[in-house]
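Reader: Please take one helix of this model and look at it closely, residue by residue, and then follow its surroundings as far as the calculated geometry allows. I would like the cut-off behind each term to be stated where the term is introduced.

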Amino acid sequence: VYTAGMLGVGPTVKRYGKEKLGMGEGQASLFGAVFGGSVVATVSHPMDTIKTCQQGDLHGRLYKGITQTARVLVEDGGA
């Protein structure tokens with residue numbers, strides 16, 4: 001998800017920076033990478049954390065499903 005998002009968001013934001021904000025090539029590339037990476041990481045990180053916790057719980061003792069894992073993580077560590 002992160003890679004697919006970066007392949008779509010980064011170039012789109014870069015083009016916006018060049019066309020609408022008058023940025024040069026280097027500035028627009030940096031703008032696209034920073035903005036795109038921040039947005040995509042914010043969207044994909046919660047599901048990646050849930051997946052990683054479930055993978056670490058090999059026998060399914062603590063994490064039973066996606067919503068239950070999310071609930072446990074919020075209760076233990078906050079939102």
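**A close look at helix H1 and its surroundings**

Author: At 35% relative accessibility, Gly 8 counts as partly exposed, where buried means under 20% relative accessible area, exposed over 50% and partly exposed anything in between, calculated with a 1.4 Å probe on protein chains only. The structure is a predicted model, in which local features need a pLDDT of at least 70 and side-chain atom pairs count only at pLDDT 80 or more, while totals for chains, interfaces and linings use all residues. Residues are numbered from 1 along each chain as its sequence is written, and side-chain values use heavy atoms, with hydrogens and water left out.

Gly 8 belongs to helix H1; helices here are DSSP runs of H or I with at least four residues, strands are runs of E with at least two, and both are numbered from the N terminus. Helix H1 covers residues 2-19, which makes 18 residues, and from its first C-alpha to its last it reaches 25 Å, close to the expected 26 Å. That expected span is 1.5 Å times one less than the number of residues in the helix. Between the C-alpha atoms of Gly 8 and Glu 25, which are 17 residues apart along the chain, the separation is 18 Å.

Which residues of H1 are buried? They are Gly 5, Gly 10, Val 13 and Gly 17. Viewed down the axis of H1, these buried residues fall within an arc of 105 degrees, so they line one face of the helix; the arc is taken from the directions that run from the helix axis to the C-beta atoms. On the other side of H1, Ala 4, Leu 7 and Glu 19 are exposed. Helix H2 (25-56) is included in what covers the buried residues of H1, with contact meaning heavy atoms within 4.5 Å.

Lys 14, also a residue of helix H1, counts as partly exposed at 25% relative accessibility. Leaving aside residues up to four places away in sequence, Lys 14 touches Glu 25, Ala 28, Ser 29 and Gly 32. From C-alpha to C-alpha, Lys 14 and Phe 35 are 9.2 Å apart in space, although their positions lie 21 residues apart in sequence when counted as a separation.

Further along the chain, Ser 44 has its place in helix H2 and is buried, with a relative accessible area of 15%. With residues up to four places away in sequence again left out, Ser 44 touches Val 1 and Tyr 2.

From H2 the description can be carried on to helix H3. Two packed helices are described by the angle between their axes and the distance between the axes. The axes of H2 and H3 (residues 66-77) come within 10 Å and cross at roughly 100 degrees, each axis being a line fitted to C-alpha atoms, for helices over the stretch in contact, and the angle running from 0 to 180 degrees between N-to-C directions. That crossing makes H2 roughly perpendicular to H3, since angles of 65 to 115 degrees fall in this class, under 35 counts as roughly parallel, over 145 as roughly antiparallel and the rest as oblique. On the H2 side the contact is made by Met 47, Thr 49, Ile 50, Cys 53 and Gln 54, and on the H3 side by Ile 66, Thr 69, Ala 70 and Leu 73. By class, this contact has six nonpolar, three polar and no charged residues, where Ala, Val, Leu, Ile, Met, Phe, Trp, Tyr, Cys and Pro count as nonpolar, Asp, Glu, Lys and Arg as charged, and the others, Gly among them, as polar.

H3 itself has 12 residues and reaches 16 Å from first to last C-alpha, close to the 16 Å expected. Within helix H3 lies Val 72, which is buried at a relative accessible area of 12%, and Gln 68 in helix H3 is partly exposed at 22%. Gly 78, whose phi is positive and near 90 degrees, follows H3.
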